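Reader: I've got a structure open on my screen and I'd like to talk it through. Can you take some questions?

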Amino acid sequence: IATPVGMAWRLCGAAWLLLSLCAAPTLGFLTPTALRTHRPASSGLWRRGGSGAAAQRPGLLVGATRRRAAPLASLRSSADGADAYELSSQLAIAVEKEEYKEAARLRDMLVEVKSKDPVQRERDAIAEALESEDFEAAAEAKKKLAKAITDRAAARDQRVNRLLVQTKGGGLQTSDPTGKAVVPLSEEDPKGQQHFQPTWSPTGDMVACTVIDTASRDSTSSEVVVKWASDGSDHVVARGAFVPFYYYWSPSGARVSYLTTHATDEVRSRSVSLDVVRAFEDSAAGKSLNELLGEGRTVHLQDSAPLYYAHSPRDNRIVAHLGDKSKVVAFEPATLSEVVLSTRPGNFRAPAWVPTQGPGGKEMCLLVEEGGSMVLVE
């Protein structure tokens with residue numbers, strides 16, 4: 001029996017559903033899916049220590065960057081604020097339709113947009129230097145590229161408003177929030193290479209993922225791959241002894257750490273291994289860490305079961321809950337020197353850095369000890 005109160009509740013529910021469906025593509029916070037995926041995994045406050053099993057389901061939206069796209073009107077009138085992905089998509093459509101005058105205009109806008117992006121500019125400089133075998137210039141452009149990435153991450157400057165999707169066939173692609181302007185990051189190869197755990201870098205310029213060759217008899221071997229989100233080209237490929245199941249970028253965007261089952265013959269069975277790969281040389285990280293992390297080489301840092309960790313927002317340190325060692329530590333990746341923060345870790349196992357510094361500029365961590373007490377530790 002319909003009552004006035006019941007009808008009012010139904011009308012309110014219908015209005016909220018309509019608002020959610022209409023506003024979700026632009027507001028990005030009204031639907032459960034957006035709530036789960038909208039914040040980058042590298043933020044350190046999202047998906048920390050999880051297995052990320054949901055990201056392995058076919059055709060699932062696995063991440064999104066946050067900056068709004070430029071209105072289409074601005075794309076048609078000026079390159080200022082235009083999105084390179086959208087321009088590339090429109091250019092491909094114009095060429096396919098043989099609208100060459102429009103294609104020329106879009107091409108010129110795309111060149112202008114890329115010239116204003118320091119990351120893309122240095123990537124182009126490296127390509128040109130390598131083509132002319134000017135290796136000195138390539139080395140210099142590589143340093144500038146690393147600085148452009150870390151500067152952008154420090155400024156919290158996310159350049160794109162894109163969705164990152166793992167397809168049913170095991171490939172990767174990005175699109176705009178409406179599902180258009182699709183950029184494939186890998187080929188569809190259901191019986192060959194499969195891509196898992198795709199994770200945005202802090203700036204949205206790159207994507208880290210696990211690549212497994214399903215045709216291989218070795219089910220434990222895999223590759224840790226860092227791809228450029230603009231075109232899907234590989235930036236770093238590192239051979240992993242075992243399959244990573246969780247990625248977490250450093251705030252600088254220069255390194256990506258991950259969890260895997262175990263790292264060496266000595267670290268086996270039930271242990272979880274924390275390893276790291278360098279994407280760029282980070283001038284702020286110090287010489288020792290840069291030398292430790294050679295490009296394309298995985299480095300083992302810790303092992304435990306369970307193991308939860310978080311990158312410091314301001315330096316190289318990592319805070320980690322080492323379950324079978326019954327302690328929470330903050331350690332330096334370069335030397336593995338550690339400070340024990342607690343020897344009585346509680347059931348909530350994900351320690352976190354406090355976003356702001358404490359008195360006297362000291363760094364602080366928040367953790368839970370036995371009995372459920374929440375503790376701030378310097």
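Author: Sure, here are some questions and answers about this predicted model.

Reader: Let's start with the open sheet of four strands: which strands stand at its edges?

Author: The order in this sheet is 13-14-15-16, and the pairing is antiparallel. An edge strand has a single partner strand, so one side of it is left without a neighbour in the sheet. That description fits strand 13 (307-311) and strand 16 (338-342).

Reader: And by how much are neighbouring strands of this sheet turned against each other on average?

Author: Take the antiparallel sheet with the order 13-14-15-16 again. With direction ignored, the average turn between its neighbouring strands is 20°.

Reader: Which residue stands opposite L322 in strand 15?

Author: Strand 14 (residues 318-322) and strand 15 (residues 327-331) run antiparallel and are joined by five bridges. Across from L322, on strand 15, you'll find K327.

Reader: Is H321 buried or exposed?

Author: H321 lies in strand 14. Setting aside neighbours within four places in sequence, H321 touches P306, L307, Y308, K327, V328, P345, G346, R349 and P351. Buried means under 20% relative accessible area. H321 has 4%, so it counts as buried.

Reader: P306 is on that contact list. What is the peptide bond from A305 to P306, cis or trans?

Author: P306 sits in the loop between strand 12 (299-304) and strand 13. Most peptide bonds are trans. For the bond from A305 to P306, omega is near -5°, and the bond is cis.

Reader: Over to strand 10: how many of its six residues are buried?

Author: R255, S257 and L259 point one way, while V256, Y258 and T260 point the other way, and all are buried. Strand 10 (residues 255-260) is therefore largely enclosed by the rest of the structure, with a buried count of six of the six.

Reader: What is the bridge partner of R255 in strand 11?

Author: Strand 10 pairs with strand 9 (residues 244-249) over five bridges, in the antiparallel sense, and there Y248 is partnered with S257. Six bridges join strand 10 to strand 11 (residues 272-278), and these two also run antiparallel. On strand 11, R255 has as its bridge partner R278.

Reader: Now the helices. Is helix 4 roughly parallel or roughly antiparallel to helix 5?

Author: Helix 4 (residues 84-96) and helix 5 (residues 100-115) pack with their axes 9 Å apart, at an angle of about 160°. Angles over 145 degrees count as roughly antiparallel. That makes the relation of helix 4 to helix 5 roughly antiparallel.

Reader: By class, how many nonpolar residues are in the contact of helix 4 with helix 5?

Author: From helix 4 the contact takes in A84, L87, S88, Q90, L91, A94 and V95, and from helix 5 it takes in Y100, E102, A103, L106, R107, M109, L110 and V113. Sorted by class, two are polar, two are charged, and the nonpolar ones number eleven.

Reader: Last one: E133 and Q197 both have a positive phi. Which of them is buried?

Author: Most residues other than glycine have a negative phi. E133 has a phi of about 60° and lies in the loop between helix 6 (118-131) and helix 7 (135-154), where its relative accessible area of 60% makes it exposed. Phi is near 55° for the residue in strand 5 (residues 193-200). With a relative accessible area of 1%, the buried one is Q197.

Notes:
Residues numbered from 1 in each chain as written. Predicted model: local features only at pLDDT ≥ 70, side-chain atom pairs only at ≥ 80, totals over all residues. Heavy atoms only, no water. Pairing = 2+ DSSP bridges. Axes fitted to C-alpha atoms, helices over the stretch in contact; angles between N-to-C directions. Buried < 20%, exposed > 50% of the residue type's maximum accessible area, 1.4 Å probe, protein only. Parallel < 35°, antiparallel > 145°, perpendicular 65-115°, else oblique. Contact = heavy atoms within 4.5 Å. Nonpolar A, V, L, I, M, F, W, Y, C, P; charged D, E, K, R; others polar.
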